Each structure stands twice: as C-alpha cells, then as structure tokens.
2 protein chains.
Amino acid sequence: MAHRPVSLKNTTKSMSRIQEKNRTRILEAALVEFSRFGYSGTTIEKISSVTGMSKSNLLYYFSSKAAIYEAVLANILDIWLAPLKGLNPEKDPAKELAAYIHHKMKMSAEMPDASRLFANEILQGAPRIRKVLEEDLKALIAEKSNVIQQWINQEKIEPIDPVQLIFTIWAMTQHYADFDTQIRLVTGLGLENPGFRISAEETVVRLVLRGIGLQSPDIVLETKP
Amino acid sequence: MAHRPVSLKNTTKSMSRIQEKNRTRILEAALVEFSRFGYSGTTIEKISSVTGMSKSNLLYYFSSKAAIYEAVLANILDIWLAPLKGLNPEKDPAKELAAYIHHKMKMSAEMPDASRLFANEILQGAPRIRKVLEEDLKALIAEKSNVIQQWINQEKIEPIDPVQLIFTIWAMTQHYADFDTQIRLVTGLGLENPGFRISAEETVVRLVLRGIGLQSPDIVLETKP
DNA sequence: TGAAGACTTGACCAAACGGTCAAGATGATA
DNA sequence: TATCATCTTGACCGTTTGGTCAAGTCTTCA
C-alpha cells in the first residue's frame, strides 16, 4: 500500500447535507475501527456495516480505504497537537503545566480512540504522518522547549532537559488512553471513573511539578454548568 | 480469527538441532514483523522470506500464523513482567526504584520490538493475553503495590497511590521504545545514543524519586568488561 | 549403505478483501 | 409533477493471503 503523506488542510468544499452527514458518520465509525484493529485489521466492509450503509456507498464518499484512513488521521492531528500550543511563557509555570496535563488527560479520557489511532500510526513507523511530525511537530517542540528553557533561565523552575520533560508528560498522559485495557484489567477502573481520574491526574501533575522543584496546586475537575 | 489465550508455559519438548534452530529463527523474524506491522499487517509469506525458507516450510514448524504469534507473545511475556518482580521491600526505596527504572529503560533500548509488540496487543484490547494480565499481572501489581505501601507506612517515602506510581513508570519507560519513531523524528536521537539515553533515564528517575520525596542517585550506565 | 524418519518445496485451493460498474432509488428544483 | 443530479446498491472481478498436499531431498543411525 502506498503511503501518501497527510497534511493538515481540511478541504471542506461545499457539501450537501447528506454528504456532510454521511462523511462524518463514516469518519466516526472508521476512527473506532482503525483505532482498535489498525489499518490492516480494519475492513471497509466492517466500517460500512457499522454505519449501516453498503460498502459500495461508502466508496462513493471516499475513493479508497487509504483515503478514509488519511482523512481520519488528518482530522485528529491538529486536535492532537493543539494543547501544547497553549503553553504560555508569561504565566505561572506550575499553573501552565498543570493545565496542560489536565488538557491531555481530558483528551485521553474523552477521545481514547484518537489517542490509540495515533499510537498505532507511530508504532508502525508513522509512514503517513512522517512529514507532519518532522516539520510541524518538530518546530512546535522547539518553540515550547524554549518556553521551558526561559522558565529555567528565570529560575522559576529547576534545570531540566525541556524535550525530555515534554516526552514524559506525553508518555504518562497518553498511557491512560493507549493502555486503558491493561489498566482496566488490573484495577477494574478507567478514566471514566472520577476517583481514578483524579488520582491519575494528581499523580502525573505531582511527578512533573515536584520534578522541577514546584508544588502541586489543587486539581479541579471540569464542572458542567 | 480465534483468540486462543496465551499461557506462560514453554512447552519445550526434545527438539532436533534443525528444529530448534529454525523455530528460533522464525520466532525472531516474526517478532520483528509483528511488532512493526501488527498481527493483520504481517504475512507468513513475509516472515518466511526474511528467514530464507519457504512458506510451506514455515508452516511445517508452526501450524498457523496465529500459532506463531502466540508463541512470540508467550516468549516475551515473562521477560516483560520479570523486572517488577525484583522490587525488594527490604532495600532502599531510592535504589530499588532507580534500579527498576534502569532495567525497564534497558529493555526499551535493547528490545524495542518486544515492547512494541506488547503495546500493539494491548492497543487492540489484549485479546490473547487478557487472562494472563487479569491473573498474573494483577497479582504481581497487588504484591508490589504492597511493597510501596510498606515504604510509605515506614515513612521512607511520601504517601502516593502505589498503582498509579507503577503505571507512570511503565508509561515513561516504555514510551521510549513504543514512540521511538516520533522521538527520533523530532530529536534525531534514540536510546542507542548514550547521551540521550542518560538524559532520558535521569529525567524519569528524577520525576519518580522527587515525586515521592527522595533524591536521585547518580546514574551509572552499564559498562561492559 | 540403505531404509526410516525428518525436513523442504512448488503447485494448488478457498476465503476474504479492495475496488469497479451499471442500473435503480431518492431528493432537489423549477 | 417532470427533470436532472445526487445518492444507493448488488453483482462482479482480480489479487492477496492463510493453509493443504503430494512428492521430493536430506539426516540419522542401525
């Protein structure tokens, strides 16, 4: 299979109501399938049966299986990289990092499929998003490493390798989505459980902030109005 | 495909020299393929071509693709769970945890394929190792959580949820193997680089030990005689 | 050395899968 | 309601893939 690169552009031409509805239904179903079974383990037959439409109809909306996969991937990529962009050098490091971790944990809790799809793609050598990682992500990390380095220079936090710090935060937060099965088999709980989620987030925030010589603020879980 | 459970037993009946040699060659090649492309993305044709033997011959040694996969998985499972077993409640927490992290990082550096295969299996819902995780792993974690809890009770370390602590250590150490592609695309480096490896291990040890109120000991990389 | 068992292979098969196509059903619009 | 574009489908096709089988080659050992 050819590995056409994925860009972040969302070519949203004018679509009919039906087209828009069906495309999103397909992409939603595809995300679930791809994230669980990987690219090869997913059949377009299965995706179409989940959406309730025929295989032929699905291929009316997307020209190929690869096209669906790439559309799903492009859809989640910018969402996935967004949280890090928010890191603000002007504000308090403890609050900024805690907020970042909170954001990532929220994504692991609410979009575990997206996290798993991303993990799957990376595990396989990132054949489709290589370019994006190499350019956009690399630049983003360089920029945010700089933010952390500024905090170090201003002696707001203790010296640490900023890149390693970012990687460890990713590792811990995404682990709760990607290894959800293992965690659930061992503890019987997952992030959908408020107590477990608080405990998990507290642990991550604590390790990170203590690691750079700061104190953990109290954690506040989202409260819906 | 049927998901027959995998046990840890290694049914090593008496095998001829040829049989032993070929079986291990197959398992080695299969690990590389499965870890990179997943179960569905791997073909027995490809495995056999890597080993240099015919597909038919491969099926002489293993009755099916699933049998190969299960054999590979069973082979790495006990190796994978071994490090945690070493955690000794009698010894110094800082040294024990640092040694544990060192062991896990070493495995990520030297057996990234095994780590990725394991990650792949969990991502897909652990259909084959569900039983092992549910029983052996659960018991192991319960036991080692107890060790950590003892340290807390003896006020050798600060209070923390022991299970969360274990998960975060796994998350960080395995991340360097599973997300090696991403790390390499962004930094140009991987764990095979001594400087990067030291920096990574230092960061993980630091976050963990500081997180429970301890100081990091100096890290010593393995030196070969 | 020769026979029995272990090993190896190419030809072959059936099922699964991605994708095409022509024809029919449905919706929008005047 | 008539017309045209959009949408939907089942039948079909070629390829890939896991697995079988009969026949041949190589090892081992009495």
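Which residues come nearest to DNA strand C? In this predicted model, A:T43, A:S64, A:K65, B:S16 and B:S56 do, out of the 18 residues around the strand. Both protein chains have a hand in this surface: α2 (44-51), α3 (55-61) and α4 (65-85) of chain A each put in at least two residues, and so do α1 (17-41) and α3 (55-61) of chain B. Sorted by class, the surface near DNA strand C has 6 nonpolar, 9 polar and 3 charged residues.

Turning to DNA strand D, there are 19 residues around it, and A:S16, A:S56, B:T43, B:S64 and B:K65 come nearest. Here α1 and α3 are the elements of chain A that give at least two residues each, while chain B brings in α2 (44-51), α3 and α4 (65-85) on the same terms. The surface near DNA strand D splits into 6 nonpolar, 9 polar and 4 charged residues.

How do the two protein chains relate to each other? Chain A can be laid on chain B by a turn of 180° with a shift of 0.0 Å along the axis, giving an RMSD of 0.1 Å. That makes the relation one of a two-fold axis. Both copies use the same surface, too, with 100% of the contact residues of chain A recurring in chain B.

As for the interface itself, 46 residues of chain A are in contact with 47 residues of chain B. On the chain A side, the elements giving two or more residues are α1 (17-41), α6 (112-123), α7 (130-153), α8 (162-178), α9 (180-187) and α10 (194-211). That side of chain A is made up of 22 nonpolar, 15 polar and 9 charged residues. Helix α1 of chain A thus turns up twice, once on the side that touches chain B and once on the surface near DNA strand D.

Within chain A there are 10 helices and 0 strands, and the C-alpha atoms fill a box of roughly 60 × 40 × 35 Å along the principal axes. One helix pair to look at is α4(A) with α6(A), whose axes come within 10 Å and cross at roughly 105°. Since angles from 65 to 115 degrees count as roughly perpendicular, these two helices are therefore roughly perpendicular to each other. On the α4(A) side the contact is made by A:V72, A:L73, A:I76 and A:W80, and on the α6(A) side by A:A114, A:L117, A:F118 and A:E121. By class, this contact comes to 7 nonpolar, no polar and 1 charged. The two partners also have roles elsewhere: α4 of chain A supplies residues to the surface near DNA strand C, and α6 of chain A gives residues to the side that touches chain B.

A word on confidence. Chain A averages a pLDDT of 92, and 90% of the residues score at least 70. Residues 8-13 of chain A are another matter, with pLDDT staying under 50 and 4 contacts beyond four places in sequence. Where pLDDT is low, the predicted coordinates should not be read in detail.

Note on methods. Residues are numbered from 1 along each chain as its sequence is written. Chains are lettered from A and ligands numbered from 1 in the order in which they are written. This is a predicted model: local features need pLDDT of at least 70, side-chain atom pairs count only at pLDDT 80 or more; totals for chains, interfaces and linings use all residues. Two residues are in contact if their C-beta atoms, placed from the backbone, lie within 7 Å. Helices (H or I, at least four residues) and strands (E, at least two) are DSSP runs, numbered from the N terminus. Ala, Val, Leu, Ile, Met, Phe, Trp, Tyr, Cys and Pro count as nonpolar, Asp, Glu, Lys and Arg as charged, and the others, Gly among them, as polar. A residue is near a molecule or strand if its C-beta atom, placed from the backbone, lies within 6 Å of it. Axes are lines fitted to C-alpha atoms, for helices over the stretch in contact, and angles run from 0 to 180 degrees between N-to-C directions. Angles under 35 degrees count as roughly parallel, over 145 as roughly antiparallel, 65 to 115 as roughly perpendicular and the rest as oblique. Copies are superposed by least squares on the C-alpha atoms of residues with pLDDT of at least 70 in both. pLDDT is the predictor's confidence in each residue, from 0 to 100.
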